[in-house]
Amino acid sequence: MEQRTLGRTGRQVSVVGLGTWQLGADWGEVDEGTARGVLAAAAEAGVTFFDTADVYGDGRSEQIIGGYLRDNPGLDVTVATKMGRRVAQVPEAYHLEAFREWTDRSRRNLGVDRLDLVQLHCPPSAVHASDAVFDALETLVAEDRIAAYGVSVETSAEALDAMAHPNLATVQIILNVFRRKPLEEVLPTAAARGVGIIARVPLASGLLTGRYGHDTRFAASDHRTFNRDGSAFDVGETFSGVDYDTGVDAAQEFARLVADLGPAGATPAQVALRWVIQQAGVSTVIPGARTPEQARGNAAAAGLPELSPELLDALERLYDARIREQVHARW
């Protein structure tokens, strides 16, 4: 699989990584055997980047990854984790002693002395502009607790604030066919400053697979049930903030365009991932997978040819016609 430099970490990572929120059982139950099968299938397909967080299953995702890597010591995989969502979301919670406590816990969960990459996990907006916060992150690097640091953000404005800090390695941001705003300023700024872009929610919480209908029901424990209105966390994390019924209609049209104009044999999910991969400035895209088959299918997107100009133009028209105005009006 193609490898790209992950910003200021200097590490080479696969263009398709693996997001592991679902391994914490926050998308419905995933047993440990299946979770390990997902990790193994991704690694066998060439994935060299796993993204997790201390809050995914309250550490379960980190622990499963740590156990899998201990049992497979020859794998060259970069693991990024995130911190900050286990406490009250106020700027005052983000300080050096808390960072030490959080990273110590993640190091234990993952079974490592030094974390490859730690990202602030969608903290309050003011945190991204705080020099004291980034000085504390520099201290963690100096203490050899972490090798590099980045941010995971909800908005383009937060990404731009964070990139004003000179040693920021990466920005993780929602980017997909239905969520295009980062193309305007975030990706060009990141490319100019040597900051890596980790693209998350690339399938709009599964909408872009084309498998969901208006009558699809998700488990009560699945955020696609309980967070559609943004009552639990930022609504952009669930269906990219698109109203579900609007998203289903748009996704069905997306699937038709893929069938007519996409690479032969490619699924809608693979084309959605290929679209992200070929956006200038993206280092890696991190779809989740609940089964080994999904992990292998996602990884295969890296081998698709570039999408045609005809398909790219049609997808932009779809966004303008069905998504842009609705999302802006709603949120």
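Two strands are said to pair if DSSP finds at least two bridges between them, and the helices (H or I, at least four residues) and strands (E, at least two) named on this tour are DSSP runs, numbered from the N terminus. The model is a predicted one, in which local features need pLDDT of at least 70 and side-chain atom pairs count only at pLDDT 80 or more, while totals for chains, interfaces and linings use all residues. Residues are numbered from 1 along each chain as its sequence is written, and side-chain values use heavy atoms, with hydrogens and water left out.

**Start at β8.** Select residues 170-174, the strand β8, and then add strand β9 (residues 196-200), which runs parallel to β8 and is joined to it by five bridges. To see one of these bridges, pick glutamine 172, whose partner in β9 is isoleucine 198. The route from β8 to β9 goes through α6, and this β-α-β crossover is right-handed, meaning that, with the strands pointing away from the viewer, the path from the first strand over the helix to the second runs clockwise.

**Add β7.** Next select residues 149-152, strand β7, which pairs with β8 in the parallel sense over three bridges; here glycine 150 stands opposite threonine 170 of β8. Together with helix α5 (residues 156-162), β7 and β8 make a right-handed β-α-β unit.

**Look at both faces of β8.** In a regular strand the side chains alternate between the two faces of the sheet. In β8, Thr170, Gln172 and Ile174 lie on one side and Val171 and Ile173 on the other, and all are buried, that is, under 20% relative accessible area, where exposed is over 50% and partly exposed is in between (1.4 Å probe, protein chains only). Because five of the five residues of β8 are buried, the strand is largely enclosed by the rest of the structure.

**Move to glutamate 185.** This residue lies in the loop between β8 and α6 (186-193), and glutamate 185 is partly exposed, with a relative accessible area of 49%. Select leucine 160 as well: the two are 25 residues apart in sequence and 8.1 Å apart in space, C-alpha to C-alpha.

**Finish at helix α9.** How many of the residues of α9 (residues 268-277) are buried? Ten of its ten residues are, and the helix is mostly covered; among them are Pro268, Trp275 and Ile277.
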